[in-house]
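Here are some short exercises to work through at your own pace. Have a look at the model first, then try each task before reading its solution.

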Amino acid sequence: MDKEMKKRIREITAAMRKYGFGNLLKRTIKEKILPSKDDEYDILLDPELPVNLRLMFQELGTSFIKLGQLLSTRPDMVGERIATEFEKLQDDNPPISFDEVKRIIEGELNSNIEDLFAEFSEKSLATASIGQVHVAKLITGEKVAVKVQKEGIADSLEYDLAIMKHLVSQIHKHNENFRKYNLPGMIDEFDHSIHIELDFTNELINMRHMAENFSEDETIHIPIAYSNYCTPKVLTMEFIEGTPLHEVYESDSEEFDKPLLAKRAVESFMKQVLIDGYFHADPHAGNIMILKDNIVCYLDLGSVGILDDDFRNDLCELLMLLADKDVNGLINQFMYMGIISYNMDTTNLKRDLREMFFRYFEGNSSKLNEILDKLLDLMQDYGVILPNEFVSMSRGISMIESDASSLDSNMDFMAIIEPIVKEVMEEKTNIKDSLMNKKGSIIYYKNMLKTLPSLLTNIVHKINNGDMKLKFEIDRLDRLVSKFSLVVIIAALLMSSSIVMTINRGPMLFDMPLIAVLGYIVTFILGMISVINYLYGR
């Protein structure tokens with residue numbers, strides 16, 4: 001351990017003691033962090049905990065500020081109080097000198113700054129903890145914004161990451177009060193996201209990809225990136241001259257068609273999420289500019305969310321179930337998506353979901369952001385860690401709906417996104433006429449059919465591992481295989497039909513779900529074949 005590392009450890013432990021977290025360090029055995037049995041109260045119940053955490057993170061600098069900002073997007077992991085408090089973290093530092101900026105640019109681009117730019121403003125346009133932005137003009141005449149990464153940021157980050165990982169691993173291992181927060185998982189997610197942010201090449205790729213996705217939409221603009229002037233530490237892009245979205249809120253100028261802007265913002269974002277699977281992960285008002293003719297421009301594409309086809313299809317189904325306030329369908333969808341386990345007792349969860357719909361969604365389907373925020377809180381209460389993609393998408397939807405609502409208070413969010421959801425579903429399922437009716441049943445049965453192969457595979461694995469035992473008195477291996485396969489299929493069909501009977505959804509026959517009746521009929525036929533084969537030795 002070098003001197004810099006030891007110095008940083010002392011700074012972190014001093015800050016922990018200063019803000020009331022010294023009890024976590026009070027008892028140590030071979031550097032293992034243990035909870036103190038002498039504490040008069042549980043630190044997690046301290047009403048000042050969120051504020052003290054924010055102040056400590058702010059004092060510890062860039063790495064911890066960035067970590068706090070990430071956690072502000074994960075109320076499902078840290079709770080709403082801490083997440084809300086962390087939103088106040090200020091990501092700003094004093095600007096570095098122009099001499100440092102010049103040295104970095106010339107080192108990265110292997111040329112004198114005078115040969116690269118016809119003009120270059122020595123005063124920074126904006127400053128943050130990782131980098132700062134300067135206005136410049138290329139030799140070819142284009143006005144650009146140049147983002148430069150500060151020196152030493154990557155090195156100091158590696159020190160802090162190493163300390164964070166050791167600290168949280170010991171807290172997670174030896175203090176059960178903190179285990180529900182999955183601190184190691186938080187740091188792993190932060191490690192991944194901060195390294196992406198530190199490499200400006202990723203933002204360059206994001207800008208190109210997003211621009212391609214909107215290449216045929218003249219109402220949406222993505223800044224042009226100049227790749228010849230970009231490196232992992234320097235990013236040069238088109239300088240955008242427009243009106244920040246938050247200034248449009250209060251403007252009375254006829255230049256801005258606010259309902260139109262609200263509609264364009266929502267449609268463009270939901271296209272990113274549901275059709276492209278590649279979306280701006282931080283679409284707050286500060287990252288959106290309004291250009292001439294009510295064109296919406298997305299800025300700061302350093303962080304994006306990526307969704308695969310299956311997740312986007314699942315998400316469309318989830319949004320339909322939310323809009324329908326279908327509690328049973330919603331829980332089934334969560335199980336299918338792997339968010340909650342199939343063996344979870346959902347009695348209380350169903351009750352809480354019904355209450356959530358009644359309080360936050362009843363009669364006002366346009367406030368999707370409210371129900372998504374409440375849904376994240378509810379999942380956290382049940383100890384459910386949601387997939388990063390789901391949280392990032394939910395946060396983005398909440399932001400864009402908030403942006404749009406500030407432009408048009410009468411906007412119906414669900415009315416705008418419903419055509420996009422239906423378009424995706426129609427392309428994938430070909431059940432256009434069924435989308436408006438009995439959505440929950442369609443989704444349930446489709447999911448059941450898709451999961452049948454994995455169910456059969458699971459049964460086979462259980463048998464192979466000795467978790468299930470079957471005994472057959474047979475002579476030939478091929479008979480064993482054929483009979484065993486038939487038995488597995490019969491068992492799966494019987495189980496599936498019985499499950500459907502308990503749910504009692506979909507078309508009915510003889511007061512029973514049609515699909516359950518068909519399942520029992522097929523099970524009976526296969527059972528008779530199995531008996532005949534056994535009796536006659538086939």
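**Exercise 1: Strand 6 and its neighbours**

Alanine 145 stands opposite methionine 237 in strand 8. Before going on, note that this is a predicted model, in which local features need pLDDT of at least 70 and side-chain atom pairs count only at pLDDT 80 or more, while totals for chains, interfaces and linings use all residues. Residues are numbered from 1 along each chain as its sequence is written, and side-chain values use heavy atoms, with hydrogens and water left out.

Task: Find which strands pair with strand 6, and in which sense.

Solution, step by step:

1. Helices (H or I, at least four residues) and strands (E, at least two) are DSSP runs, numbered from the N terminus. Two strands pair if DSSP finds at least two bridges between them.
2. Strand 8 covers residues 234-238, and its antiparallel pairing with strand 6 has five bridges.
3. Strand 5 (residues 131-138) also pairs with strand 6 in the antiparallel sense, over seven bridges. Here lysine 137 has lysine 143 of strand 6 as its bridge partner.
4. Four residues lie between the strands in the hairpin of strand 5 and strand 6, and glycine 141 takes a positive phi near 105° there.
5. Is strand 6 (residues 143-149) mostly covered or mostly open? Six of its seven residues are buried, where buried means under 20% relative accessible area, exposed over 50%, and partly exposed in between (1.4 Å probe, protein chains only).

**Exercise 2: Two packed helices**

Task: Describe how helix 13 (residues 258-276) packs with helix 14 (residues 309-324).

Solution, step by step:

1. Two packed helices are described by the angle between their axes and the distance between the axes. The axes are lines fitted to C-alpha atoms, for helices over the stretch in contact, and angles run from 0 to 180 degrees between N-to-C directions.
2. For helix 13 and helix 14 the angle is about 125°, and the axes are 8 Å apart.
3. That makes helix 13 oblique to helix 14, given that angles under 35 degrees count as roughly parallel, over 145 as roughly antiparallel, 65 to 115 as roughly perpendicular and the rest as oblique.
4. Helix 13 makes the contact (heavy atoms within 4.5 Å) through Met270, Val273, Leu274, Ile275 and Asp276, while helix 14 uses Arg312, Leu315, Cys316 and Leu319.
5. Of these contact residues, seven are nonpolar, none polar and two charged. Ala, Val, Leu, Ile, Met, Phe, Trp, Tyr, Cys and Pro count as nonpolar, Asp, Glu, Lys and Arg as charged, and the others, Gly among them, as polar.

**Exercise 3: Salt bridges**

Task: How many salt bridges does a search of the whole structure find? Look into a few of them.

Solution, step by step:

1. A salt bridge is a side-chain nitrogen of Lys or Arg within 4 Å of a carboxyl oxygen of Asp or Glu. The search finds 16.
2. One of them joins glutamate 59 to lysine 18, with 2.8 Å between the closest N and O atoms. This pair links distant parts of the chain, since glutamate 59 is in helix 3 (residues 49-60) and lysine 18 in helix 1 (residues 3-18), 41 residues apart.
3. Glutamate 59 is partly exposed at 42% relative accessibility, whereas lysine 18 is exposed at 54%.
4. Within helix 13, glutamate 267 bridges to lysine 263 at 2.5 Å. Because glutamate 267 and lysine 263 are four residues apart in helix 13, about one helical turn separates them.
5. Aspartate 276 and lysine 271 meet in a salt bridge at 2.8 Å, N to O. Aspartate 276 is partly exposed, at 21%.
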